[in-house]
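Colleague: I am new to this model and should be grateful for a close look at a single part of it. Please set that part within the whole chain as well.

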Amino acid sequence: MQIRFTKMQGAGNDFVVLDETGGPLGLTTAQYRFLADRHFGVGADQILSVRPAPTPAVDFEYVIHNADGGEVEQCGNGARCFARFVRDQGLATRDEIRVQTRAGTITPRITADGRVTVDMGAPVFDLPQVPFDAAGTAPQPAGGWETWPLALGAADATVQVAVLSMGNPHAVQIVDDVDTAPVAQQGPPIERHARFPRRVNAGFLQVVDRGHVRLRVYERGAGETLACGTGACAAVVAGIRLGLLDPQVDVQTRGGLLTIAWAGGGAPVFMTGPATTVFHGQIDLPDLP
């Protein structure tokens with residue numbers, strides 16, 4: 001099976017984008033894994049599928065598969081690349097589109113400077129909706145909000161994390177220095193912690209000042225990536241609620257700079273950042289179940 005694809009990246013978070021507006025490709029989980037494989041396939045953190053609008057209220061459907069082949073609810077850096085792709089390929093003529101995801105509707109907009117701003121919707125703090133199982137534990141008050149203890153095993157100390165959803169679950173902890181943060185050691189047990197029944201994205205947030213942070217994220221199904229858009233949104237929202245950050249914050253990831261703005265309460269989170277096409281290609285997919 002031969003398919004065409006576009007390789008894109010947003011702040012170093014890289015994607016294989018598939019145009020399925022003419023019909024579904026019907027790929028299997030193993031074939032998504034093959035595409036994401038950096039040795040045998042194209043290589044990507046996520047696979048993004050552009051599909052026709054399922055309702056008249058939106059312009060497209062946006063489907064995301066992680067590098068492990070599993071489908072997930074949301075991907076912020078991918079949403080920017082999605083918007084750039086449909087505009088550049090002539091699938092959309094407007095700079096602002098409405099896109100349906102598993103997590104709800106988002107509205108990416110290409111800005112005058114070529115970057116893309118995405119209305120990521122309002123953050124979710126209700127623990128069952130994240131989802132997060134808080135049974136048998138108690139939160140630690142922090143800056144007008146709270147963090148929750150996560151025991152990571154006998155070899156690791158308990159860590160305190162802020163818990164929320166940006167259409168996908170996030171656990172954000174404050175660290176002194178992201179360069180020395182134990183991302184590789186703590187990321188996997190946090191991702192698969194029993195208190196997160198759908199797994200979780202583990203964020204490691206260093207506050208530089210009230211308008212600048214540094215961030216690393218260990219993502220569900222992908223491991224540590226150079227940037228995570230929803231992770232940046234979740235980290236800034238957590239920092240604001242913990243009383244550490246202003247309403248607009250520049251987030252320095254290992255792959256580039258994102259700007260996150262949140263007015264608080266039930267207001268949506270706005271993310272602005274780059275979206276770049278790397279190359280177009282085609283590949284023969286093996287017949288994998």
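In which loop is R199 found?

Modeller: The model is a predicted one, and the part in question is the loop between α3 (183–191) and β13 (201–209), where R199 is found. Two residues of this loop repay attention, R199 and F196.

R199 is notable for its backbone. Its phi is near 65°, a positive value in a residue other than glycine. As for its surroundings, R199 is partly exposed, with a relative accessible area of 22%. That label applies because the value falls between the 20% under which a residue counts as buried and the 50% over which a residue counts as exposed.

F196 also has its place in the loop between α3 and β13. At 2% relative accessibility, F196 counts as buried, whereas R199 is partly exposed. Leaving aside residues up to four places away in sequence, F196 touches P131, F132, L150, V163, A171 and I190. The C-alpha atoms of F196 and P141 are separated by 21 Å, with their positions 55 residues apart along the chain.

One of the partners of F196, namely P131, leads to another loop. P131 is placed between β8 (116–119) and β9 (140–142). The peptide bond that joins V130 and P131 is cis, with omega at about -5°. The contact list of F196 thus links the loop between α3 and β13 to a residue at a cis peptide bond.

A positive phi is also found at A11, which is not a glycine and has a value of about 55°. A11 lies in the loop between β1 (2–10) and β2 (13–19). With a relative accessible area of 3%, A11 is buried, while R199 is partly exposed.

Strand β1, which precedes the loop of A11, contains I3. I3 is buried, at a relative accessible area of 4%. Its C-alpha atom and that of I283 are separated by 5.6 Å, although the two residues are 280 residues apart along the chain. Beyond residues up to four places away in sequence, I3 touches L18, L25, L35, G281, Q282, I283 and L285.

A further point of reference is G229, in helix α4 (residues 229–241). G229 counts as buried at 2% relative accessibility. Its contacts, with residues up to four places away in sequence not counted, are G76, N77, L258 and M271. G229 and T272 are 43 residues apart in sequence, and their C-alpha atoms are 9.2 Å apart in space.

The cysteines may be considered next. A search of the whole structure finds zero disulfides. C81 is in no disulfide, and the nearest cysteine sulfur, that of C75, is 8.1 Å away; a disulfide would need the two sulfur atoms to be within 2.5 Å. C81 is buried, with a relative accessible area of 0%. C233 is likewise in no disulfide, the nearest cysteine sulfur being that of C228, 8.6 Å away. C233 also counts as buried, at 0% relative accessibility.

It remains to place these parts within the whole. The chain has four helices and 19 strands. For 289 residues, a compact globule would have a radius of gyration near 19 Å, and the 18 Å of the chain agrees with this. Along its principal axes, the C-alpha trace spans about 50 × 40 × 35 Å.

Of the 289 residues, 53% count as buried; F196 is one of the residues that count as buried. Among contacts between residues at least 6 apart in sequence, 60% join residues at least 24 apart. The contact of I3 with I283, residues 280 apart along the chain, is an example of such a pairing.

The chain exposes about 11800 Å², of which carbon and sulfur atoms supply 49%. Its charges number 23 positive and 30 negative, and the mean positions of the two sets are 1 Å apart.

To return to the part requested, the loop between α3 and β13 holds R199, partly exposed and with a positive phi. The loop also holds F196, which is buried and touches P131 among other residues.

Key:
Residues are numbered from 1 along each chain as its sequence is written. This is a predicted model: local features need pLDDT of at least 70, side-chain atom pairs count only at pLDDT 80 or more; totals for chains, interfaces and linings use all residues. Side-chain values use heavy atoms; hydrogens and water are left out. The radius of gyration is taken over C-alpha atoms; the globule rule is 2.2 Å times the number of residues to the power 0.38. Buried means under 20% relative accessible area, exposed over 50%, partly exposed in between (1.4 Å probe, protein chains only). Contact means heavy atoms within 4.5 Å. Accessible areas come from the Shrake-Rupley method with a 1.4 Å probe; for residues, only the protein chains shown count as cover. Lys and Arg count as positive and Asp and Glu as negative; His and the chain ends are not counted. The place of a charge is taken as NZ of Lys, CZ of Arg, CG of Asp or CD of Glu.
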